[in-house]
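User: Could you take a close look at one part of this protein for me, the place where its two domains meet? I'd like the contacts walked through in plain words.

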Amino acid sequence: MLDVKQAHVATQFGHDRPMIACRFDPLGRYVFAGAQDHNLIRFTLGEADGKKQLFAGAHESWVMAIAFSKDGGQVISGGGDGRIVWWETAATGTEAAAPKPLRTVEAHKGWIRALAVSPDGQFLATGGNDLVVRSWKMADGTLVRELPGHEKHVYSLEFHPGGQFLLSADLACYVKQWDLATGQAARTFDGKTLRYYDAGFLADYGGIRGMAVSGNSEFLVACGLHKCTNAFAGVNEPHAMLFRWDNQEVVRSFIADGIPNGLLWRIRFLSDGTAMAVSGGASGGHLLFWKADADKDFHRLGLPGLARDLDLHPDGLQVATAHFDHQIRIVKLIAKAPA
């Protein structure tokens with residue numbers, strides 16, 4: 001039974017480079033990761049050592065984003081090289097003969113920061129540093145549509161559960177709601193309390209790093225940072241904004257006191273409506289939990305090492321976190337089994 005106050009780190013899988021991204025496959029068999037190298041990495045859940053499998057040779061930069069086909073048969077990696085690559089999820093290989101890509105597309109100029117697959121599994125959305133959101137056919141990698149309009153780097157993507165809208169968020173903390181039937185921006189959400197401009201560096205800092213739509217479509221939540229006093233040193237606090245979907249009203253400003261060097265990298269809704277996010281920075285790693293009726297987190301779990309991403313398992317009871325100390329950690333949101 002879900003009980004976030006009983007959350008605990010159950011296991012971890014290691015690599016030889018810092019981790020930056022993680023995602024569970026839709027069937028819950030594996031956790032895939034991107035690291036500060038050129039590989040996509042797969043760990044098998046339920047195996048003590050994770051049976052690490054490298055998917056190598058297709059990227060020339062870090063793998064920064066990961067997504068899957070609806071049936072879980074294919075995994076897609078997005079890299080800092082602007083390339084998206086399709087792979088067979090369960091492929092096996094050796095160091096000398098790594099799994100081969102199924103398809104490679106030169107998708108963006110510069111970093112790809114986000115991938116998302118439509119609820120019906122037909123389309124893949126991509127976004128990154130070239131300011132354009134693109135939609136591709138999952139079946140063959142054909143470009144379907146370009147969605148220009150962002151003035152800053154695109155940091156995160158999320159399909160509305162109904163499938164008719166795509167949300168894209170950027171470094172300037174604007175969320176665009178795209179009508180996929182017309183390719184037009186229907187609305188823009190203003191994440192103004194997440195926005196920070198550093199006059200010393202003459203640059204925007206922070207950005208919306210993650211978004212989620214609640215299961216009943218009542219809320220949109222967007223996460224990042226606020227209260228920045230020193231961007232160079234990362235002196236800022238974790239922060240998320242909770243919007244009503246229907247009228248865009250900001251109903252909550254989620255905060256986490258006592259974490260002076262933290263940034264929320266990704267946020268998800270749990271089955272009971274709890275919002276869960278991962279914070280990482282010089283203050284370390286934390287899983288943070290909020291209810292929609294309060295600004296302050298009602299529970300937090302300290303993690304061993306700076307965290308940079310999270311994902312929620314299909315069972316809703318396990319969480320993967322990616323860490324700078326080269327580890328992927330699996331947290332269970334249930335009580336520990338008796339010894």
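Analyst: Here is a walk through the interface between the two domains.

Bear in mind that this is a predicted model, where local features need pLDDT of at least 70 and side-chain atom pairs count only at pLDDT 80 or more, while totals for chains, interfaces and linings use all residues. Residues are numbered from 1 along each chain as its sequence is written, and side-chain values use heavy atoms, with hydrogens and water left out.

The chain splits into domain 1 (1-17 + 192-338) and domain 2 (19-190), with bounds taken from an automatic or database domain assignment. Their C-alpha centres sit 20 Å apart. Domain 1 puts 48 residues into the contact and domain 2 puts in 46, contact meaning heavy atoms within 4.5 Å.

Together the two domains bury about 3700 Å², 61% of it on carbon and sulfur atoms. Buried area here is the accessible area (1.4 Å probe) that two parts lose on being put together, summed over both. On the domain 1 side, Phe13, Met211 and Trp245 supply 18% of the area buried against domain 2, more than any other three residues.

Now the polar side of things. There are 4 salt bridges between domain 1 and domain 2 (a side-chain nitrogen of Lys or Arg within 4 Å of a carboxyl oxygen of Asp or Glu). The rule for polar contacts finds 22 residue pairs across the interface, both residues at pLDDT 80 or more. Such a contact is a pair of N or O atoms within 3.5 Å; within protein, one must be able to donate a hydrogen and the other to accept it, and residues adjacent in sequence count only if both atoms are side-chain atoms.

Several strands (DSSP runs of E, at least two residues, numbered from the N terminus) give two or more residues to the domain 1 face, among them S1 (8-14), S20 (210-213) and S29 (318-323). The largest share, 6 residues, comes from S29.

Notes:
Helices (H or I, at least four residues) and strands (E, at least two) are DSSP runs, numbered from the N terminus.
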